[in-house]
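Trainee: Could you take me through one part of this protein in detail? I'd like a close look at how the chain is split up and what sits around the ligand.

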Amino acid sequence: MKKRVAVLAGDGIGKEVTNAATAVLDAIGRRFHHEFEWVHGLLGGDALDQAGHPIPEETIRKCEESDAILLGAIGGPKWDHYPKELRPEKGLLQLRKHFELSVNLRPVQAYKTLLSSSPLKEEVAEGVDLVFVRELTGGLYFGEPSFHTDEEAVDTLVYKREEIERVVRFAFELAKLRKKKVSSVDKANVLESSRLWRKIVEEIAAEFPDVEYEHMLVDSTSMKLITSPASFDVIVTENMFGDILSDEASVICGSLGMLPSASLRADGFGLYEPVHGSAPDIAGQNKANPLGAILSGAMMLRTAFGMNQEADAIEEAVKKVLEAGFGTGEFKTQGGKVLTTTEMTEKVINEIECELVSDHILAAYQ
Ligand SMILES: NC(=O)C1=CN([C@@H]2O[C@H](COP(=O)(O)OP(=O)(O)OC[C@H]3O[C@@H](n4cnc5c(N)ncnc54)[C@H](O)[C@@H]3O)[C@@H](O)[C@H]2O)C=CC1
Ligand SMILES: CC(C)CC(=O)C(=O)O
Ligand SMILES: [Mg+2]
């Protein structure tokens, strides 16, 4: 099956981890007889430098003509002084808005072999398997007016009923397929938008009597994510809270570099990217953990193309490499082996190709 994927590598480690993801997906293509056509486009600071805009028209067109979007990361100090409309981050926000990618899934899983790398006690991190369902195209990141002068600064937080309904319903549907628990996170003791959010959660919860739900305030949620992360199943929340809490939760499994994500439109079209940013502190050093990007590739296979077996193959390969004690430099590996980005990518590809050999052997004796 041939699939066309727009690849927007972006800035900093975005390029390194996206190369890793496409190399792994090519290995999957060889094993399962799929062809991926990679259509490269500019986004972020790189686009600003080369085309004068953080999201050129041509990039939008390439994405429109593709079956899915694979993204690295954007931004960096080089572009921080640009006016807000030209900042790399604005390019990413416009992309999300243009494609109406309103539901952002960020799964967090504790890998047994990485428990010792978690800043949490092993018994606290163990068994964590939760997913953030984050609203992605509303709230503070998009509200107008938004400006600052030397004397004042304004950001606007607006949520429309339908924006809340869409993401909350998605969270309940997802919980039905998992452990049947939704934690809705807001700041309803202070914010009007959170009060509407809470009301809508109650309405939608009534449609899902078999799903348990709770309302939680964002401040105490940030504490509970650290003290009892395994108590969560599906966490649904608005744009900024989801952004912050998911970075916090990433360290449960030892590194921000491990977390993948999918950003989905109502019809299933999606963008797949690791949760982390462009990491200017390690960019260009072949140090970045590529697993968040590689696992985002697995999410793409499963969600965009219905390639479940292929997605499983990537996730299994990642698990095996971690179980063998390999990790990238940011892990506090205890006696494990530290790999570069390219070495880690090769290890994952080797696992996939090793299975290819055994598939061939099995086929010969069928
Ligand atoms: N989706 C995106 O493209 C995002 C872009 N950004 C942008 O990235 C830039 C840097 O932001 P930061 O706050 O530093 O966040 P960051 O996520 O880039 O980095 C935070 C810390 O985590 C480490 N880290 C991140 N990804 C890693 C990986 N794959 N392997 C190993 N270590 C990793 C970095 O080295 C750094 O110490 C900013 O310009 C920001 O706007 C930030 C978040 C998301
Ligand atoms: C870079 C921003 C636009 C958003 C962000 O940090 C994220 O979506 O994780
Ligand atoms: Mg973020």
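Mentor: Start with the domains: in this predicted model, the protein chain falls into domain 1, made of 1-101 + 267-366, and domain 2, covering 119-253. Going by C-alpha atoms, the centres of domain 1 and domain 2 sit 25 Å apart. Where they touch, domain 1 puts in six residues and domain 2 puts in seven residues. Look at domain 1's side of that contact and you'll find three nonpolar and three charged residues, with no polar ones.

Now step back to the protein chain as a whole. You can count twelve helices and 14 strands in it. Its radius of gyration comes out at 20 Å, close to the 21 Å that the globule rule gives for 366 residues, so the chain is as compact as a globular protein of that length. If you prefer a box, the C-alpha trace spans about 65 × 50 × 40 Å along its principal axes. Of the 366 residues, 48% are buried. As for contacts with a separation of 6 or more, 74% of them join residues 24 or more positions apart.

That brings us to the ligand. Ligand 1 has 23 residues around it, and the closest are G75, G257, H276, G277 and N289. Helix 1 (13-32) gives at least two residues to this shell, and helix 4 (88-98) also gives at least two. Sort the shell around ligand 1 by class and you get ten nonpolar, nine polar and four charged residues.

Key
Residues numbered from 1 in each chain as written. Chains lettered and ligands numbered in written order. Predicted model: local features only at pLDDT ≥ 70, side-chain atom pairs only at ≥ 80, totals over all residues. Domains from an automatic or database assignment. Contact = placed C-beta atoms within 7 Å. Nonpolar A, V, L, I, M, F, W, Y, C, P; charged D, E, K, R; others polar. Helix = DSSP H or I, 4+ residues; strand = E, 2+ residues; numbered from the N terminus. Rg over C-alpha atoms; globule rule 2.2 N^0.38 Å. Buried ≥ 20, exposed ≤ 12 C-beta atoms within 10 Å, placed from the backbone. Near = placed C-beta within 6 Å.
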